[in-house]
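Colleague: Please take a close look at the salt bridges in this model, and at the helices and strands that carry them. I would like one connected account, going from the charged pairs to their surroundings.

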Amino acid sequence: MNTNDLKIFEAVAETGSFTKAAAAMFTVQSNVTARIKSLEEEFGAELFSRTSRKVELTAAGKKLMQYCKQISNLIAEAKSDVQSSTKISGSLKIGCIETTMALKVPEMINHFEEHFPDVELEFKSEMRNALINDVLNYNLDAAFVSAPINVTGLNQIRIKEEQLVIVTASEGPKIEELLSKLPIKIVVFGQGCIFRARLESWLSSKGIIHYKSTVLNSIEGVVNFVEAGLGISILPEVVVSQYYADRKITSNALDKQLGTMITVLIFKQDKSRSTALRAFIDMYFSHNKSKITAPLDEAKSASKRGKLNPKPHF
């Protein structure tokens, strides 16, 4: 077994096809088949279940995939450390929710690249549960998600606390009148969105269980629909006041329990982290030392190596 065998294994898992994996690895299908067979013999377990339509990981294959991700991370870190003991380089995949992606990511990239220009940042927007799973499965290095997080294997840093508000059309009926006319219309993101869950909980607290949902995939779309009187929604107050203050929408306060959202940065508890990830974590660790939920001794060294000024724009 060598690292190329593991790369072929990952390619088959990701594409679900021996033929597509061969194309992705610039080799022939017979070689892919032979390498997978060799791995299965070495581990003494079937790694893929094969049908005429698709190829899927078995339980043993899923376990091996976890180790493949760790091995890839270690190799990348080794290359980075060997090539330069003073320069932090590499790549990071960071997850976040839609509001963070649309409004905060550009600031985050600019701030991080100012200090670590040799690190390539890639961001992915997804729902909360998907982001958590991607971090656990090494598909993301870290992710910004809403608290609380009680997942074995994850560390977290408290990033910020913000208030959520119900938004309605300024030129439409008041919120009290809207609630009296059923079914009420709501404008939301897809299932799994923290904002949607809070809005539905708020409606439930009002005794409202029947409502008509319009599902969109962008903040701009939500604001446009609310402004047009096509429904109510829920967004962070800072988003409304900083980015949509000139729009014809009104913010309606929520009680503290439903209206308070805490954002945390989550990442694996693994002892081995790339220097790039340690630098990214340290950007928030240094700013939130009293709020971290687990020790991060190695994160402290990142700022020394990269001379980071820990003032995250987030």
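Modeller: For what follows, a residue is called buried when its relative accessible area is under 20%, exposed when that area is over 50%, and partly exposed in between. The structure is a predicted model, with an average pLDDT of 83 over the chain and 87% of the residues scoring at least 70. The pLDDT falls below 50 over residues 289-314, although this stretch has 71 contacts in the model beyond near neighbours in sequence.

The structure holds 14 salt bridges, and one of them joins Lys69 to Glu14, with 3.9 Å between the closest N and O atoms. Because Lys69 belongs to helix α4 (residues 59-83) and Glu14 to helix α1 (residues 3-15), this pair ties together parts of the chain that are 55 residues apart in sequence. The two partners differ in their surroundings: Lys69 has a relative accessible area of 14% and is therefore buried, whereas Glu14, at 58%, is exposed.

A second salt bridge brings together the side chains of Glu46 and Arg50, at 3.8 Å from N to O. Here Glu46 is partly exposed, with a relative accessible area of 49%, and Arg50 also counts as partly exposed, at 41%.

Another pair is Lys124 with Asp134, whose closest N and O atoms are 2.5 Å apart. Since Lys124 lies in strand β4 (residues 119-125) and Asp134 in helix α7 (residues 128-136), the pair ties together parts that are ten residues apart in sequence. Lys124 is partly exposed, with a relative accessible area of 34%, while Asp134, at 11%, counts as buried. Returning to the pair between α1 and α4, shared partners join its salt bridge into one network of Glu10, Glu14 and Lys69.

Asp134 leads into the rest of α7, where the buried residues are Arg128, Leu131, Ile132, Asp134, Val135 and Leu136. After α7 comes Tyr138, which has a positive phi, near 65°. Both Val135 and Leu136, as well as Tyr138, are in contact with Lys268, whose other contacts, leaving aside its neighbours within four places in sequence, are Gly153, Leu154 and Arg273. Lys268 lies in strand β11 (residues 260-268) and, with a relative accessible area of 18%, falls under the 20% limit and so is buried. Between the C-alpha atoms of Lys268 and Ile132 there are 10.0 Å, for two residues that are 136 residues apart along the chain.

Helix α6 (residues 105-115) has Val105, Met108, His111 and Phe112 as its buried residues. These cover an arc of only 130° around the axis, and therefore lie on the same side of α6. Asn110 and Glu114 are exposed on the other side of α6. As background to such a pattern, an α-helix has 3.6 residues a turn, so residues three or four places apart point the same way. Phe112 is also part of a cluster, which ring pairs build from Phe112, Phe116, Phe144 and Phe280.

The aromatic pairs number five. In one of them the ring centres of Phe18 and Phe48 lie 6.2 Å apart with the planes at 70°, so the arrangement is edge-to-face. This pair links distant parts of the chain, as Phe18 is in helix α2 (residues 18-24) and Phe48, 30 residues away, is in strand β1 (residues 48-50). Both rings belong to buried residues, with relative accessible areas of 9% for Phe18 and 0% for Phe48.

The nonpolar surroundings complete the account. The largest nonpolar core has 47 residues, of which Ile166, Phe195, Leu199, Trp202, Leu203, Ile232 and Ile266 touch the most other members. Among the contacts of Ile166, leaving aside its neighbours within four places in sequence, are Leu199, Trp202 and Ile232, together with polar residues including Ser233, Thr250 and Asn252. Another core lies apart from this one and has 24 residues, among them Met108, Val119, Ala279 and Met283. Met108 is thus a member of that core and one of the buried residues of α6.

Conventions
Residues are numbered from 1 along each chain as its sequence is written. This is a predicted model: local features need pLDDT of at least 70, side-chain atom pairs count only at pLDDT 80 or more; totals for chains, interfaces and linings use all residues. Side-chain values use heavy atoms; hydrogens and water are left out. A nonpolar core is a set of buried Ala, Val, Leu, Ile, Met, Phe, Trp, Tyr and Cys residues joined through side-chain atoms within 4.5 Å. Buried means under 20% relative accessible area, exposed over 50%, partly exposed in between (1.4 Å probe, protein chains only). Contact means heavy atoms within 4.5 Å. Rings of Phe, Tyr and Trp (its six-membered ring) pair if their centres lie within 6.5 Å; planes under 30 degrees apart count as stacked, over 60 as edge-to-face and the rest as tilted. Helices (H or I, at least four residues) and strands (E, at least two) are DSSP runs, numbered from the N terminus. A salt bridge is a side-chain nitrogen of Lys or Arg within 4 Å of a carboxyl oxygen of Asp or Glu. The arc is that of the directions from the helix axis to the C-beta atoms. pLDDT is the predictor's confidence in each residue, from 0 to 100.
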